[in-house]
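Biologist: Please show me the chain and its model. I would like to go through the fold and the packing.

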Amino acid sequence: MGILYKSRTAMNENGLIKMYKTFIEPYFLYALQVWGHSVKSDTDTINILQNKVIRIVYNCKRSDDAWNENHGRILNIQELHQKVITRICYKHHANFLPKQFSKEI
């Protein structure tokens, strides 16, 4: 998060979003299939962290709603989880998963 914070004066929003997707989003995606369903509220630690990142990217104050500035360019944790699960279901139905894994599903 520090690199985003320091870069926000030198980069525009699109550059910051690319940095977010390169450096931070992979941490959110790691094993999201396993733990993503447990995120239920905005007070979960992972949502609080993501809100901080969004405020840094869009240069919003704590009282502002940075998600209104987002316009769908960055997915929240629940949306990321849904996207990952949808992708796995598609691969299962298209027989792209390894056979051993498909048997377990």
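The questions and answers below go from the overall fold to one buried tyrosine and its partners.

Modeller: This is a predicted model, in which local features need pLDDT of at least 70, side-chain atom pairs count only at pLDDT 80 or more, and totals for chains, interfaces and linings use all residues. Residues are numbered from 1 along each chain as its sequence is written, and side-chain values use heavy atoms, with hydrogens and water left out.

Biologist: How many helices and strands does the protein chain have?

Modeller: Helices (H or I, at least four residues) and strands (E, at least two) are DSSP runs, numbered from the N terminus. Along the sequence the pattern reads α-α-α-α-α-α-α. The count is seven helices and zero strands.

Biologist: Is the protein chain compact or spread out, and what is its radius of gyration?

Modeller: The globule rule is 2.2 Å times the number of residues to the power 0.38, and the radius is taken over C-alpha atoms. For 105 residues the rule gives 13 Å, and the chain's value is well over that, so the chain is more spread out than a compact globule. Its C-alpha atoms fill a box of roughly 50 × 25 × 25 Å along the principal axes. The radius of gyration is 16 Å.

Biologist: Which element gives the most residues to the largest nonpolar core?

Modeller: A nonpolar core is a set of buried Ala, Val, Leu, Ile, Met, Phe, Trp, Tyr and Cys residues joined through side-chain atoms within 4.5 Å. Buried means under 20% relative accessible area, exposed over 50%, partly exposed in between (1.4 Å probe, protein chains only). This core has 20 residues, and Leu4, Tyr20, Val57 and Tyr58 touch the most other members. Two or more residues come from each of α2 (13-29), α4 (45-58) and α6 (77-93), and the most, six residues, come from α2.

Biologist: How are the rings of Tyr20 and Phe28 arranged: stacked, edge-to-face or tilted?

Modeller: Rings of Phe, Tyr and Trp (its six-membered ring) pair if their centres lie within 6.5 Å; planes under 30 degrees apart count as stacked, over 60 as edge-to-face and the rest as tilted. The count comes to two aromatic pairs by this rule. For Tyr20 and Phe28 the centres are 6.4 Å apart and the planes at 45 degrees, so the pair is tilted.

Biologist: Which side chain has a polar contact of 3.1 Å with that of Gln50?

Modeller: A polar contact is a pair of N or O atoms within 3.5 Å; within protein, one must be able to donate a hydrogen and the other to accept it, and residues adjacent in sequence count only if both atoms are side-chain atoms. Gln50 lies in helix α4 and is buried, with a relative accessible area of 1%. The partner is buried too, at 0%. The side chain joined to Gln50 is that of Tyr20.
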